Amino acid sequence: MSRLKLLMTTSLVAMLALSASANGQKAGPLHPHTIVVKLVTKAGAIPFAFEPALVVAHRGDTVRFIEDAGVMHNVHFTKQAPGAKLGAAAMGPYLTTKGQTYDVVIDGRFAEGKYEYVCDPHAAVGMKGTLVVESGGAAAGNK
Ligand SMILES: [Cu+2]
């Protein structure tokens with residue numbers, strides 16, 4: 001675990017250095033939000049899902065994934081917006097316990113645009129979600 005943390009820290013530092021020189025950072029968020037996405041088990045053809053399956057976030061927001069059952073899930077970004085550099089955050093840890101959370105901070109790693117992610121154990125049965133990162137300013141609807 002600590003080795004992973006070290007890795008993440010190292011790559012984060014590298015990315016910060018990169019983004020500082022590469023792109024002129026946009027102004028920070030006006031109102032940071034925490035956007036909750038639950039990892040649920042449900043009846044029907046697709047038994048596992050991210051709920052909601054589509055969220056819109058702005059820089060500074062946090063997307064909080066919450067394990068809603070006792071089924072093993074993770075969050076693996078399979079498509080990133082052009083210019084995004086998620087690094088180690090592209091693949092989150094496995095969540096196994098109800099109530100367990102995994103926070104993804106929408107910081108400089110996230111360029112504006114569309115991201116798609118899956119849960120690796122359940123990608124084959126359609127457990128996937130979409131994250132859209134927008135610039136600050138006009139607050140698009142999150143619930
Ligand atoms: Cu899953």
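Throughout this tour, a residue is called buried when its relative accessible area is under 20%, exposed when that area is over 50%, and partly exposed in between, as computed with a 1.4 Å probe on protein chains only. The structure is a predicted model, in which local features need pLDDT of at least 70 and side-chain atom pairs count only at pLDDT 80 or more, while totals for chains, interfaces and linings use all residues. Residues are numbered from 1 along each chain as its sequence is written, and side-chain values use heavy atoms, with hydrogens and water left out.

**The copper site**

Select the copper ion, and then add H73 (ND1), C119 (SG), H122 (ND1) and M127 (SD), which are its protein donors and lie 1.9 to 2.6 Å from the metal. Donors here are N, O and S atoms within 2.8 Å of the metal (3.2 Å for Na, K and Ca), and since water is not among the atoms, sites may look incomplete. The angles among the four donor atoms run from 93 to 125°, and the site is tetrahedral, a label given to four donors if all angles lie between 85 and 135 degrees. For reference, the ideal angle for four tetrahedral donors is 109.5 degrees. Along the sequence, the donor residues follow the spacing H-x45-C-x2-H-x4-M. If you now colour by accessibility, C119 is buried at 0%, and H122 is likewise buried, with a relative accessible area of 11%.

**The salt bridges**

Next, display the charged side chains; a salt bridge is counted where a side-chain nitrogen of Lys or Arg is within 4 Å of a carboxyl oxygen of Asp or Glu. The whole structure contains five salt bridges by this search.

Begin with K98 and D68, whose side chains meet at 3.8 Å, N to O. K98 sits in the loop between β5 (76-79) and β6 (101-105), and D68 in the loop between β4 (62-67) and β5, so this pair ties together parts that are 30 residues apart in sequence; strands are DSSP runs (E, at least two residues), numbered from the N terminus. K98 is exposed at 57% relative accessibility, whereas D68 is partly exposed at 28%.

Move on to D107 and R109, which form a salt bridge with an N to O distance of 2.8 Å. Here D107 is partly exposed at 23%, while R109 is buried at 15%.

Finally, select K79, K114 and E116 together, since these residues are linked in a network of salt bridges. Within the network, the closest N and O atoms of K114 and E116 are 3.8 Å apart, and E116 is partly exposed, with a relative accessible area of 25%.

Conventions
Four donors count as tetrahedral if all angles lie between 85 and 135 degrees; four count as square planar and six as octahedral if opposite donors are over 155 degrees apart and all others between 65 and 115; anything else is irregular. Helices (H or I, at least four residues) and strands (E, at least two) are DSSP runs, numbered from the N terminus.
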